[in-house]
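Reader: I'd like to go through this one with you, starting with the terms and then working from strands to cavities. Can you take my questions in turn?

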Amino acid sequence: MKKIIFTLTLILAFVVTGFSQDVISSSGGSTPSYGGFSNEIHVNFLNLIWFGSLEVGYERYLSDDHSLEFKGFINDRFGINNEKNGKKYKTNSLQASLNFYFGKGNSGRFFLFPLAKLRLGDFEEPADGGGVQTTDMTAFILGAGAGYKWELSKNFAFGPFASVGRNFSDDVSDRFAGIEFNAGFNLGYRF
């Protein structure tokens, strides 16, 4: 299973890299931008405050209407579950998505995105009769989401997003569910 997930991740990385190079070269070699910026880094501060889960993203604008986004998750959770009653997530994840923006407003725009995510790690919880029960959380996840992004100032943007994904791990599906919901509120800096 881990070899399959690793292979799928490599294939996705090559496809995404090739696609972004085609977009840049077809635009005459110059780097596309949105609002004069080509890059954005952001953090999902809602998950950081609420769950202690760090979600950091980098977004590269390929044109005014779409961008390529990579996210890293430290202490990733299944959906929006907490760590109460002795439960402990020891998981990290990487996610890639392609964001499609709609509308021409300078103050804010709606976006949709397909995503691919790879989660590695374990979930621990107290077992019946003492001890610890461990669930292997390694999973490949495909899904889609939507969000809205407002521009606070020239360099700062923020907005909510939500996504739903299907994980392809029997262990995770048996313990939690096959469908996973995620949401948050990003604060980003454009440069």
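Author: Sure, and a definition goes first: strands here are DSSP runs of E, at least two residues long, numbered from the N terminus. With that in hand, Asn-39 lies in strand S1. Keep in mind that this is a predicted model.

Reader: Is Asn-39 buried or exposed?
Author: The cut-off for buried is under 20% relative accessible area. Asn-39 has a relative accessible area of 12%, so Asn-39 is buried.

Reader: How far apart in space, C-alpha to C-alpha, are Asn-39 and Leu-62?
Author: In sequence, Asn-39 and Leu-62 are 23 residues apart. Leaving aside neighbours within four places in sequence, Asn-39 is in contact with Tyr-58, Glu-59, Arg-60 and Tyr-61, among others. From C-alpha to C-alpha, the distance between Asn-39 and Leu-62 is 9.5 Å.

Reader: In which sense do S1 and S2 pair?
Author: S2 covers residues 54–61, and 5 bridges link S1 with S2. Within S2, Glu-59 stands opposite Glu-40. The sense of the S1 and S2 pairing is antiparallel.

Reader: Which residue in S9 stands opposite His-42?
Author: S1 and S9 run antiparallel and are joined by 5 bridges. The residue in S9 that stands opposite His-42 is Gly-188.

Reader: Which residues make up the covered face of S2?
Author: In a regular strand, side chains alternate between the two faces of the sheet. The uncovered face of S2 has Leu-54, Val-56, Tyr-58 and Arg-60. That leaves the covered face, with Glu-55, Gly-57, Glu-59 and Tyr-61.

Reader: What is the bridge partner of Leu-54 in S3?
Author: A hairpin takes S2 into S3 through 4 residues. The two strands run antiparallel, with 8 bridges between them. In S3, Leu-54 has as its bridge partner Ile-74.

Reader: How many cavities of 30 Å³ or more does a search of the whole structure find, and what is the volume of the largest?
Author: Rolling a probe the size of a water molecule over the atoms shows where empty space is left. For this structure, the search finds 4 cavities of 30 Å³ or more. The largest cavity has a volume of about 130 Å³.

Reader: Which strand gives the largest share of the lining of the largest cavity?
Author: The lining has 18 residues, with His-42, Glu-69, Phe-111, Lys-149 and Asn-186 nearest the centre of the cavity. By type, the lining divides into 8 nonpolar, 5 polar and 5 charged residues. The largest share is 5 residues, and the strand that gives them is S8.

Reader: Sticking with S8, why does Ser-163 count as buried?
Author: Ser-163 lies in strand S8. Among the contacts of Ser-163, leaving aside neighbours within four places in sequence, are Phe-113, Leu-115, Ala-144 and Phe-181. Buried means under 20% relative accessible area. Ser-163 counts as buried because its relative accessibility is 9%.

Reader: How many residues make up the largest nonpolar core?
Author: In soluble globular proteins, nonpolar side chains tend to be buried together. Here the largest nonpolar core includes Met-137, Phe-78, Tyr-89, Phe-123 and Val-172. Met-137 is in contact with Phe-78, Tyr-89, Phe-123 and Val-172, among others, leaving aside neighbours within four places in sequence. The size of this core in residues is 7.

Reader: And how many residues are in the second, separate core?
Author: Tyr-61, Phe-111, Phe-113 and Phe-161 are among its members. The number of residues in this second core is 6.

Technical notes
Residues are numbered from 1 along each chain as its sequence is written. This is a predicted model: local features need pLDDT of at least 70, side-chain atom pairs count only at pLDDT 80 or more; totals for chains, interfaces and linings use all residues. Side-chain values use heavy atoms; hydrogens and water are left out. On a 1 Å grid over the protein atoms alone, a cavity is a set of points where a 1.4 Å probe fits but cannot get out, and a pocket is an open set with protein on both sides within 12 Å along at least five of seven lines; lining residues have an atom within 4 Å of a point. Grid points are joined across faces, edges and corners, and a volume is the space filled by probe spheres set on the points. Ala, Val, Leu, Ile, Met, Phe, Trp, Tyr, Cys and Pro count as nonpolar, Asp, Glu, Lys and Arg as charged, and the others, Gly among them, as polar. Two strands pair if DSSP finds at least two bridges between them. A nonpolar core is a set of buried Ala, Val, Leu, Ile, Met, Phe, Trp, Tyr and Cys residues joined through side-chain atoms within 4.5 Å. Buried means under 20% relative accessible area, exposed over 50%, partly exposed in between (1.4 Å probe, protein chains only). Contact means heavy atoms within 4.5 Å.
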